[in-house]
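Subject: Structure handover and notes

Hello,

Please find the structure below, followed by my notes on it. Keep the 3D view open as you read, and look up each residue as it comes.

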Amino acid sequence: MDLLNTLVDKGLRCELPTREEALAVLATSDDELLDVVAAAGRVRRHWFGRRVKLNYLVNLKSGLCPEDCSYCSQRLGSQAGILKYTWLKPGEAAQAAAAGVAGGAKRVCLVASGRGPTDHDVDRVSGTIAAIKEQNEGVEVCACLGLLSAGQAERLRTAGADAYNHNLNTSAATYGAITTTHTYDDRVDTVRQAQSAGLSACSGLIAGMGESSEDLVDVVFGLRALDPDSVPVNFLIPFEGTPLGAEWHLTPQHCLRILAMVRFVCPDAEVRIAGGREIHLRTLQPLALHLANSIFLGDYLTSEGQAGKADLDMIADAGFEVEGAGTTTLPGHRRTAPGGAPADGRTAPSCTPADGRAHADDRATADDCRGANGHTGGCGGASGCGGEAGRTTAERSPEQPGPVSHADLVALRRRGAGTDLAPNA
Ligand code: SF4
């Protein structure tokens, strides 16, 4: 298939596909799906081998958010029966984080509901970061606290944060239909603040909110322009009691196409399968490991994932390996600081895979390299609070079936952070 050969060539060179090529991936048929997975899998293995990075979510503050993100179980007016609690103490958060690290996670993601942190909140999270780093040598810490004010990213970096998550969620054109209390541009600004402070930027999307294929391509191209190190791909968790609670549009096959498109557009970034993995990919989860190089271990912010052991078994059974703490996630040309933060601006890409392999068995050569740096409020909208992010009518071709609800697969989180029960890790 000429399209896939072209996309592999471009992926190995970090060259941006055209919008038409990205759209064509989303339009492939089920008969072509394994070819799409195989092609995007070549790009994934070129940059990340067969490694899978595990990340662990700790919800520091749950529910009661004043923002109105339609996808979110923690939003203003949400009737979802989620856990609601205020800030965990540093020791409580560290205890939850330690369970994830013991389960194999090399990154802990500290998430708090809300529009953005106060300076006092930043102090509080700084203490939590210190507690986690003291107990877990070498662990990466990502903060996800919402829209940042001036100076807060620098303070988090100084406190030891390696990364900051703030998702774009959906296209600029669609953003106002899912959230009215902050804007797409607010989100872009926070990602840029994080990057300017030397934090590794983590920013992704939520699919399944009824957006069009064009919207999906727009947001992924918007992400590539921002050039985050990590790109979480959430599949909407339609929580009953939220405005998008009936939006069941995704099929496992289409989730794979979306992940493949993201891999082709952001070939050398950590592509992470985030919220909604279990309920939308279902039995096709292992195929998604050929596209993404990163997942969350265990539970999400307000819903339960499959057991942590099932995650580990799936990785092993599919022939992948959990990325060790001593391994660098990102390819060398993307990484200049622990955790992958390009501390002082972007360096020119060398298009050298992380394991140092040359392009001997690939079609591209280093001479062909171009493009990685020329990538043409609320909380991060983080993994598991809803997409854990519009139009509410899915774009569907006539031959596609209508939505089938899998609401029975959505289990609200009742264990781990904020409870007396052991975390799932
Ligand atoms: S995504 Fe974040 S900002 Fe938006 S409602 Fe949920 S917790 Fe609040």
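I start with a pair of helices. Helices α2 and α10 pack with their axes 8 Å apart, at an angle of about 155 degrees. An angle over 145 degrees counts as roughly antiparallel, and α2 and α10 are therefore roughly antiparallel to each other. The crossing of α2 past α10 is right-handed. On the α2 side, Ala22, Val25 and Leu26 take part, and they meet Arg257, Ile258, Ala260, Met261, Phe264 and Val265 in α10. Some spacing in lists of this kind has a simple origin: an α-helix has 3.6 residues a turn, so residues three or four places apart point the same way.

Before going further, please note that this is a predicted model. The protein chain has 425 residues, and 57% of them are buried. It contains 13 helices and 10 strands.

Helix α10 also packs against another helix. The axes of α9 (residues 213-226) and α10 come within 10 Å and cross at roughly 30 degrees. This crossing is right-handed. From α9, the residues in the contact are Leu216, Val220, Phe221 and Arg224; from α10, they are Ile258, Met261, Val262 and Val265. Note that Ile258, Met261 and Val265 of α10 appear in the contact with α9 and also in the contact with α2.

A third pair is α5 (residues 119-135) and α6 (residues 152-159), whose axes come within 9 Å and cross at roughly 20 degrees. That makes α5 roughly parallel to α6. Their crossing is right-handed. Here Val122, Ser126, Ile129 and Ala130 in α5 meet Gln152, Arg155, Leu156 and Ala159 in α6.

Next, the start of the chain. Helix α1 covers residues 2-13, which is 12 residues. How far apart should its ends be? At 1.5 Å a residue the span should be 16 Å, and the end C-alpha atoms are 17 Å apart, which agrees. The buried residues of α1 are Leu4, Leu7, Val8, Lys10, Gly11, Leu12 and Arg13. Note that this list includes Lys10 and Arg13. The elements that cover these buried residues include α2 (19-26), α3 (33-48) and α10 (252-265). Just after α1, Cys14 has a positive phi of about 60 degrees.

Now the annotated positions. An unreviewed UniProt entry carries the annotation "binding site" for Cys109, Cys142, Cys202 and Arg272. These four span 164 residues in sequence, yet no two of their C-alpha atoms are more than 13.8 Å apart, so they gather at one spot.

Two of these residues can be described further.

- Cys142 is in strand β3 (residues 140-144). It is buried, with 26 other C-beta atoms within 10 Å. Leaving aside neighbours within four places in sequence, Cys142 is in contact with Arg107, Cys109, Leu110, Asp162, Ala163, Tyr164, Asn165 and Cys202.
- Cys202 is in strand β5 (residues 200-202). It is buried, with 32 other C-beta atoms within 10 Å. With the same exclusion of neighbours within four places in sequence, the contacts of Cys202 are Cys142, Ala163, Tyr164, Asn165, Pro228, Asp229, Ser230 and Pro232.

Cys142 and Cys202 are thus in contact with each other, and Ala163, Tyr164 and Asn165 appear in the list for Cys142 as well as in the list for Cys202.

The "binding site" annotation of the unreviewed UniProt entry also covers Cys65, Cys69 and Cys72. Cys65 lies in the loop between β1 (51-61) and α4 (90-102), and Cys72 lies in the loop between β1 and α4 too. Are they buried or exposed? Cys65 is buried, with 24 other C-beta atoms within 10 Å. Cys72 also counts as buried, with 36 C-beta neighbours inside 10 Å.

Last, a residue on the outside. Glu137 lies in the loop between α5 and β3. It is exposed, with 8 other C-beta atoms within 10 Å. Glu137 and Ala325 are 188 residues apart along the chain, and their C-alpha atoms are separated by 9.3 Å.

Regards

Definitions and conventions. Residues are numbered from 1 along each chain as its sequence is written. This is a predicted model: local features need pLDDT of at least 70, side-chain atom pairs count only at pLDDT 80 or more; totals for chains, interfaces and linings use all residues. Helices (H or I, at least four residues) and strands (E, at least two) are DSSP runs, numbered from the N terminus. A residue is buried if 20 or more other C-beta atoms lie within 10 Å of its own, exposed if 12 or fewer, and partly exposed in between; C-beta atoms are placed from the backbone. The expected span of a helix is 1.5 Å times one less than its number of residues. Two residues are in contact if their C-beta atoms, placed from the backbone, lie within 7 Å. UniProt positions are given in the numbering used here, feature names are shortened, and annotations may be inferred rather than shown by experiment. Axes are lines fitted to C-alpha atoms, for helices over the stretch in contact, and angles run from 0 to 180 degrees between N-to-C directions. Angles under 35 degrees count as roughly parallel, over 145 as roughly antiparallel, 65 to 115 as roughly perpendicular and the rest as oblique. A crossing is left-handed if the near helix is turned anticlockwise from the far one by less than a right angle, and right-handed if clockwise.
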